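Subject: Structure for your review

Dear colleague,

Please find below the structure I am handing over to you, with its sequence. My findings follow directly after it.

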Amino acid sequence: MRFFEEITSYSNTMIRKVFAMIRGAFKLAYERGIIDTDLITHHSIKCPKSSKSDREVRGLTENEQQKFIHALMKHKVPHGRNTYKTQLLLEIYTGMRMGEINALKPEDINFSEGYIHVGATISRGLGSRNFYKPHPKTAAGVRDVPMPMKARELLMEALMEMKPNPEGLIFYDHNKDDVIATYQVCSFYKRICEKAGIPYYGQHSLRHTFATRCIEADIPPLVLKKWLGHTDINITLSTYADVFDRMHLKSVSKF
């Protein structure tokens, strides 16, 4: 209990991850007979709440999306510097997490069937070291994501520009001879938002932009859940509740 009280300075997302890991460890220890009682299941033990307010993360409006893409395409990358234009556009057009995009290999791209196989991610380990992780964030993260025409064009160009690297990745930081971390792309994304004159809600908002456009296009929630790699339909429904609410009038009209 004292430990849980001491982690309330972290975000709710981080706290939920820590709580889930501890719960899993207790369950495994109980199943293996290492402990007599799984204390974490006691009614008095609950996942703590963060002392910080949740940071707002939302998708871009259509107008903001247009401004962002325009600023992104006009941006000139200094010689020798990394550009993350392709990754940011892929996040808008596929809804993949940035770690999943940066972990893509040529064999993950199926042009003939028109999908991208998601089966890995770039993760952060001890000492803040980023590494290629051969499985995604969750079990539901292993999925095939449809490849729209714009994503197909981006990936074909990326494969043509791909250089050999130790991990065999499509996107790789050859300046540092290392995998590309999400924070690197986030910094670049923030600069583009400033150039475009649009609010910065974190790079993850591009994934929300994809989901928002899908809901506006009447993609069923169960399909969207699969594309996004959510473990539960309730995550999809609760995360985008405001977007679904906005679609009520459109649904009444169709009815």
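Glu 216 and Arg 213 are joined through their side chains by a salt bridge, with an N to O distance of 2.8 Å. Both residues belong to helix α8, which covers residues 205-216, and they are three residues apart, or about one turn of the helix. Glu 216 has a relative accessible area of 23% and is therefore partly exposed, since the buried class ends at under 20%. Please bear in mind throughout that this is a predicted model.

A further set of salt bridges shares partners, and it links Arg 97, Glu 100 and Arg 143 into one network. In this network, the closest N and O atoms of Arg 97 and Glu 100 are 2.8 Å apart. For Arg 143 and Glu 100, the closest N and O atoms are likewise separated by 2.8 Å. Arg 143 is in strand β5 (residues 143-146) whereas Glu 100 is in helix α5 (residues 98-102), so this pair ties together parts that lie 43 residues apart in sequence. The members of the network are buried: Arg 97 has a relative accessibility of 13%, Glu 100 has 1%, and Arg 143 has 3%. In total, the structure holds four salt bridges.

To return to helix α8, its twelve residues span 16 Å from the first C-alpha to the last, which is close to the 16 Å expected at 1.5 Å a residue. Ten of these twelve residues are buried, so the helix is largely enclosed by the rest of the structure. The buried positions include Leu 206, Phe 210, Ala 211 and Ile 215, and among them are also Arg 207, His 208 and Cys 214. Just after α8, Asp 218 adopts a positive phi of about 70 degrees.

Helix α4 is also mostly covered, with nine of its ten residues buried. Among the buried residues of α4 are Leu 88, Leu 89, Leu 90 and Ile 92, together with the charged residues Lys 85 and Glu 91. Gly 95, just after α4, takes a positive phi of about 75 degrees.

Two loop positions may also be of interest to you. Gly 80 sits in the loop between α3 (62-74) and α4 (85-94). Gly 80 is partly exposed, at a relative accessible area of 47%. Its C-alpha lies 9.8 Å from that of His 174, although Gly 80 and His 174 are 94 residues apart in sequence.

The other position is Tyr 172, in the loop between α6 (149-161) and α7 (182-196). Tyr 172 is buried, with a relative accessible area of 10%. Leaving aside residues up to four places away in sequence, Tyr 172 touches Asn 165, Pro 166 and Glu 167 on one side of the sequence, and Asp 177, Asp 178, Val 179 and Ile 180 on the other. Tyr 172 and Leu 104 are 68 residues apart in sequence, and their C-alpha atoms are 9.9 Å apart in space.

Finally, I set out the overall figures for the protein.

- The secondary structure consists of twelve helices and five strands.
- The C-alpha atoms fill a box of roughly 60 × 55 × 40 Å along the principal axes.
- Of the 255 residues, 40% are buried.
- Among contacts between residues at least 6 apart in sequence, 61% join residues at least 24 apart.
- The accessible surface comes to about 15200 Å², and carbon and sulfur atoms account for 55% of that surface.
- There are 37 positive and 28 negative side chains, and the centres of the two sets are 4 Å apart.

With kind regards

Technical notes: Residues numbered from 1 in each chain as written. Predicted model: local features only at pLDDT ≥ 70, side-chain atom pairs only at ≥ 80, totals over all residues. Heavy atoms only, no water. Helix = DSSP H or I, 4+ residues; strand = E, 2+ residues; numbered from the N terminus. Buried < 20%, exposed > 50% of the residue type's maximum accessible area, 1.4 Å probe, protein only. Contact = heavy atoms within 4.5 Å. Areas by Shrake-Rupley, 256 points an atom, 1.4 Å probe, with all protein chains shown as cover. Charge placed at Lys NZ, Arg CZ, Asp CG, Glu CD. Expected span 1.5 Å × (residues − 1).
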